[in-house]
Amino acid sequence: DSNYMNDVWSFNTITMEWKKIYTTGDVPSQRSNCSMSYDRSNHRIILFGGGGANKKRFNTINILDWASKEWMEIMPKPNEAAPWERTYHTS
């Protein structure tokens with residue numbers, strides 16, 4: 001197994017510096033090999049899937065509101081189909 005993380009960093013392309021972003025809420029568990037996308041219209045980051053320790057795989061969707069820096073996990077509706085757990089994918 002590797003080192004799995006759940007921290008968030010931002011890179012400033014003007015100053016060429018990294019800055020750690022402190023978040024709250026339903027912080028996703030530590031993972032690797034997930035996909036992340038930035039939703040420009042709603043100023044949020046969408047995280048899907050990934051893998052963790054002991055070959056754990058995720059099919060969770062977590063959203064980070066960029067203004068408040070608060071995480072929220074999106075749960076499927078009862079009896080709603082959900083994608084399989086996955087790693088090494090793209091969004």
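## Thr60 and its partners

Let's start in the middle of things: the side chains of Thr60 and Arg31 are linked by a polar contact of 3.2 Å. This is a predicted model, and Thr60 is a handy way into it. You'll find Thr60 in the loop that runs between β5 (44-48) and β6 (61-65).

Is Thr60 buried or exposed? Its relative accessibility is 18%, so Thr60 counts as buried, the cut-off for that label being under 20%. Once you set aside the neighbours within four places in sequence, Thr60 is in contact with Arg31, Leu47, Phe48, Gly49 and Glu73. Arg31, then, turns up both as a contact of Thr60 and as its polar partner.

## The chain as a whole

Now step back and look at the whole chain. The protein chain has 0 helices and 7 strands, which gives the pattern β-β-β-β-β-β-β when you read along the sequence. Along its principal axes, the C-alpha trace spans about 45 × 35 × 25 Å.

How much of the chain is buried? Of its 91 residues, 24% count as buried. The exposed area of the protein chain comes to about 6900 Å², and carbon and sulfur atoms supply 52% of that. As for how the chain meets itself, take the contacts between residues at least 6 apart in sequence: 44% of them join residues at least 24 apart.

## The nonpolar core

In soluble globular proteins, nonpolar side chains tend to be buried together. Here, the largest nonpolar core is made up of 6 residues: Val8, Ile21, Ile45, Leu47, Leu64 and Trp71.

Leu64 is a good member to click on. Leaving out its neighbours within four places in sequence, Leu64 is in contact with Val8, Thr23, His43, Arg44, Ile45, Lys69, Glu70 and Trp71. Val8, Ile45 and Trp71 from that list are also members of the core. Leu47, another core residue, is one of the contacts of Thr60.

## Asp39 and the salt bridge

How many salt bridges does a search of the whole structure find? It finds 1 salt bridge. Asp39 forms one with Arg44, and their closest N and O atoms are 2.8 Å apart. Side chains of opposite charge can pair when their charged atoms come close. The two partners are covered to different degrees: Asp39 counts as buried at 15% relative accessibility, while Arg44 is partly exposed, with a relative accessible area of 27%.

Asp39 sits in strand β4 (residues 35-39). Its side chain also has a polar contact of 2.8 Å with the side chain of Asn42. Beyond the neighbours within four places in sequence, Asp39 is in contact with Arg44 and Ile46. Arg44 is also among the contacts of Leu64.

## Out on the surface

Which residues form a nonpolar patch on the surface? Trp9, Phe11, Met16 and Trp18 do, and together they have about 490 Å² of accessible area. Met16 belongs to the loop between β1 (8-12) and β2 (17-21). With a relative accessible area of 55%, Met16 is exposed, since the cut-off for that label is over 50%.

Finally, have a look at Pro76, in the segment after β7 (70-74). Pro76 is partly exposed, its relative accessible area being 46%. From C-alpha to C-alpha, Pro76 is 12 Å from Asn62, and the two residues are 14 apart in sequence.

How values were computed
Residues numbered from 1 in each chain as written. Predicted model: local features only at pLDDT ≥ 70, side-chain atom pairs only at ≥ 80, totals over all residues. Heavy atoms only, no water. Helix = DSSP H or I, 4+ residues; strand = E, 2+ residues; numbered from the N terminus. Polar contact = N/O pair within 3.5 Å; in protein donor to acceptor, adjacent residues only side chain to side chain. Contact = heavy atoms within 4.5 Å. Buried < 20%, exposed > 50% of the residue type's maximum accessible area, 1.4 Å probe, protein only. Patch = residues over 30% accessible without salt bridge, like charges linked within 9 Å, V, L, I, M, F, W, Y side chains within 5 Å. Areas by Shrake-Rupley, 256 points an atom, 1.4 Å probe, with all protein chains shown as cover. Salt bridge = Lys/Arg side-chain N within 4 Å of Asp/Glu carboxyl O. Core = buried A, V, L, I, M, F, W, Y, C linked by side-chain atoms within 4.5 Å.
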